[in-house]
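Trainee: Could you take me through one part of this protein slowly? I would like a close look at its pocket and what surrounds it.

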Amino acid sequence: MREFYIGENITVSTESDSQVTVGRDNKIFAQKQANESGEASIEIDSMFEAGHYSIVITKNGKFISTEAICIKSPFINTSKKDSLREMIKNLDAVIEARLTNNVDAVQSMSINGKSYVYETLETLMNARKKFTDQLADLIQSENLKKGKSPIINIKARFVNPR
């Protein structure tokens, strides 16, 4: 799923004279006709709210394709928990590409201000473990603030079998 921010332009490549529509929940937010080269550019303006949308491409009333997109607001601050989950997701994608010997695997990336340039699988796994530990500690501290104890009470009753 591609992600865009409010204020960006979405450029869609399709057949010439196709109709490109962006909508959500049976409501159309933008519609554009593709030019002769098959390009359609739609501006994500203030009409859009953060959320999931669909791009539907039709030609002469016939369905061609659809794509799901996510539109984000650049002003919404993400929590530390969400940013840690995003970093773990990005690392998982790189690790999966390495494990499948994908030639197109990312050779360099920057996460949380630290640059990884063709790191070994062990280094990537250690970074993932560090981020998952941070996430677990953060969730545990939030639960403690809510009054949830990390200790689970187990009750057992033993009956004398006579």
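Which helix gives the most to the lining of the largest pocket, and with how many residues?

Mentor: Happy to, and please keep in mind that this is a predicted model. Helix α1, spanning residues 80-99, gives the most to the lining of the largest pocket, with 3 residues. The full lining is made up of Tyr5, Ala50, Lys72, Ser73, Ile76, Thr78, Asp82, Ser83 and Glu86. By character, these lining residues divide into 3 nonpolar, 3 polar and 3 charged. The space in the largest pocket comes to about 250 Å³. As for how such space is found, rolling a probe the size of a water molecule over the atoms shows where empty space is left.

Two names in that lining, Tyr5 and Lys72, lead us from the pocket into the sheet. Lys72 in β7 is the bridge partner of Tyr5. Strand β1 and strand β7 (residues 62-72) run parallel and are joined by 4 bridges. Stepping back, the sheet is open and has 5 strands, with the order β1-β7-β6-β3-β4 and mixed pairing. At its edges are β1 (2-5) and β4 (27-33), each of which pairs on one side only. From one strand to the next, the twist averages 30°.

Let's follow the sheet to the edge strand β4, where Phe29 sits. Phe29 is paired with Tyr53 of strand β6 (residues 51-59), and this contact links distant parts of the chain, 24 residues apart. The two ring centres are 5.2 Å apart and the planes meet at 80°, so the pair is edge-to-face; the cut-off for that label is over 60 degrees. Phe29 and Tyr53 are both buried. Phe48 joins Phe29 and Tyr53 to form one aromatic cluster, and the count of aromatic pairs comes to 3.

There is one more pairing to look at while you have the structure open. Strand β2 (residues 9-13) pairs with β5 in the antiparallel sense, over 5 bridges. One of the links to find on screen is Asn9, whose bridge partner in β5 is Glu43. Strand β5 (residues 39-43) has two faces: Ala40 and Ile42 are on the covered one, while Glu39, Ser41 and Glu43 are on the uncovered one. Glu43 therefore makes a handy landmark, as the bridge partner of Asn9 and as part of the uncovered face of β5.

Key. Residues numbered from 1 in each chain as written. Predicted model: local features only at pLDDT ≥ 70, side-chain atom pairs only at ≥ 80, totals over all residues. Heavy atoms only, no water. Pairing = 2+ DSSP bridges. Axes fitted to C-alpha atoms, helices over the stretch in contact; angles between N-to-C directions. Phe/Tyr/Trp six-rings, centres within 6.5 Å; stacked < 30°, edge-to-face > 60°. Buried < 20%, exposed > 50% of the residue type's maximum accessible area, 1.4 Å probe, protein only. 1 Å grid on protein atoms, 1.4 Å probe; cavity = no way out; pocket = protein on both sides within 12 Å on 5 of 7 lines; lining within 4 Å. Points joined across faces, edges and corners; volume = space filled by probe spheres on them. Nonpolar A, V, L, I, M, F, W, Y, C, P; charged D, E, K, R; others polar.
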